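Student: Please take a close look at a single interface in this model. Then place it in the context of the other contacts.

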Number of protein chains: 2
Amino acid sequence: MTLPGEALALLGRTPLFAGVSPADLEPLLADFRLRRYATDSYIFREGDPGDHLHLLAAGEVKISRTTEAGGEAIFAVLGAGEVFGELAVLQENAVRSADAQALADTECFVLHRQALVAFLQAHPAVMWRVITVLSERIRRKDEAFSDLAFNDIPGRVARKLLELAEARGDLSGKGIQISVPISQRTLAGLVGASRENVNRALSRFASLGLIKVERGHITVVRPDELRRRGV
Amino acid sequence: MTLPGEALALLGRTPLFAGVSPADLEPLLADFRLRRYATDSYIFREGDPGDHLHLLAAGEVKISRTTEAGGEAIFAVLGAGEVFGELAVLQENAVRSADAQALADTECFVLHRQALVAFLQAHPAVMWRVITVLSERIRRKDEAFSDLAFNDIPGRVARKLLELAEARGDLSGKGIQISVPISQRTLAGLVGASRENVNRALSRFASLGLIKVERGHITVVRPDELRRRGV
DNA sequence: AGCCGCCTATGCCGCGCGTCACACACGACC
DNA sequence: GGTCGTGTGTGACGCGCGGCATAGGCGGCT
């Protein structure tokens, strides 16, 4: 499925490399290696040495961190076109600071540190893109932080649902269906709450008709009502 | 206090511009403007239009966000040499996403978007620095997020104290004194907790002899004990 | 089919934390 | 010195959330 031509097109559609001419992009392609990961397999784990950048071609990847006690904080759930593992790339001999796990059958391009550095030095415009992407990510994390500090669980769940709907929404008949199958456990990790209480929040929203919950799928029926924090 | 020569030296000591030769740095100096802010005054507020980068020359700046309800989440307390307001710089016509307030008499260099962009394009090495700084910031925010999600207030306070001691520590006789005067209210905003409970945590730590609390000043006496989460 | 594992759903209990309420210490300003 | 504002200490109360326990549903595997 990922012939060279397709890979090139995919790269071009990435926020990171958008705008780079295919001619410029092509040499980079040789340095990428395509890797496949089965559902639930780990792409890397916290503590692993790592100096590769990962570009998600297809599938879903969860970036998370687990505590001794068994709790899991999920920093992000990424879809096609997004980049991860970039932190370890920036310094030599770095160590991964979180786990990356495939939530679905996933393939991603893997680029070694050196190749990336060389490419970026040759293409300052892309470097600028990197800065933009990172900045946006910081903004979102600040958002998540204050969200976690101030809002109760229903509020956080509501926000996260809207966020997911925006990022991964399929307009399906009545409402926006979140296309990724996300378990309530995962959702709990994303909003920093227990699975049970996330469930309760979802149940309440559902009974109010704001959302519709099916097994592994959630449909946001009334986004604007949900935005007003379902009680 | 900030003659051109000193300003140049200060720039050179910044994580961002370290390693750039003074000769290369000098043209940039002309584009900076020095601004002073009195204690408690706002450098900018959420919603302000803003396309200037701020480089902190002296003083302390608090980056925070306030809710309608009066709560305040503090994203960072920055000291000399650190940079803020970079998010708004990256896109044209951007709007500030948080407040920046001087915690002490503060002066900072202010650089307009265009000048920065021009400089960065001329100096890819500095661009790389920017990426590094941003990445490190992301890592810290992930850290803060999982901290907030998992640890109770004493634990969070302990970590934050250690962090502050490391970043702003003065070795004073017995223990590391945090050189910035930080009110318990501020500390509360940083760890996402109420002032009262932060106080209780501090009191407990103090009674255990792990820290010493004076008006506006905290001294970490036994860092390693504190790291083990004071009960 | 039958078993098993994961996800979902809901009740109950205990506790941490937010909130209110009040008292004290200290510096600023008149 | 008196007053006020702000930072600090501490107690009481109520609630939201985490944890456990329980039960049903659905799919996968043999």
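Tutor: Between domain 1 and domain 2 of chain A, 5 residue pairs are in polar contact, both residues being at pLDDT 80 or more. A polar contact here is a pair of N or O atoms within 3.5 Å; within protein, one must be able to donate a hydrogen and the other to accept it, and residues adjacent in sequence count only if both atoms are side-chain atoms. The model is predicted, so local features need pLDDT of at least 70 and side-chain atom pairs count only at pLDDT 80 or more, while totals for chains, interfaces and linings use all residues. Residues are numbered from 1 along each chain as its sequence is written, chains are lettered from A and ligands numbered from 1 in the order in which they are written, and side-chain values use heavy atoms, with hydrogens and water left out.

The same interface holds 3 salt bridges by the rule (a side-chain nitrogen of Lys or Arg within 4 Å of a carboxyl oxygen of Asp or Glu). A:Asp147 and A:Arg159 form a salt bridge through their side chains, with an N to O distance of 3.4 Å. On the domain 1 side, β5 and α5 of chain A each give at least two residues to the surface that touches domain 2 (DSSP runs numbered from the N terminus: helices are H or I of at least four residues, strands E of at least two). The largest share of that side, 6 residues, is from β5(A). Its residues divide into 5 nonpolar, 1 polar and 6 charged; Ala, Val, Leu, Ile, Met, Phe, Trp, Tyr, Cys and Pro count as nonpolar, Asp, Glu, Lys and Arg as charged, and the others, Gly among them, as polar.

The bounds are 4–147 for domain 1 and 152–227 for domain 2, taken from an automatic or database domain assignment. Their C-alpha centres are 26 Å apart. In contact (heavy atoms within 4.5 Å) are 12 residues of domain 1 and 8 residues of domain 2. About 910 Å² is buried between the two domains of chain A, and carbon and sulfur atoms give 52% of it. A:Ile74, A:Val77 and A:Asp147 supply 54% of what domain 1 buries there, more than any other three residues. Buried area is the accessible area (1.4 Å probe) that two parts lose on being put together, summed over both.

Turning to the chains, A and B bury about 3500 Å² between them, with 81% on carbon and sulfur atoms. Each chain brings 35 residues into contact with the other. There are 4 salt bridges between chain A and chain B, including one that joins the side chains of A:Glu143 and B:Arg65 (3.4 Å, N to O). The elements of chain A that give two or more residues to this contact are β5 (72–78), α3 (87–90), α4 (113–122), α5 (124–150) and α7 (184–191). α5(A) gives the largest share, 20 residues. By class, the chain A side has 20 nonpolar, 8 polar and 7 charged residues.

A turn of 180° with a shift of 0.0 Å along the axis lays chain A on chain B at an RMSD of 0.0 Å, which is the relation of a two-fold axis. The superposition is by least squares on the C-alpha atoms of residues with pLDDT of at least 70 in both copies. Of the interface residues of chain A, 100% are also interface residues in chain B, so the copies meet through the same surface.
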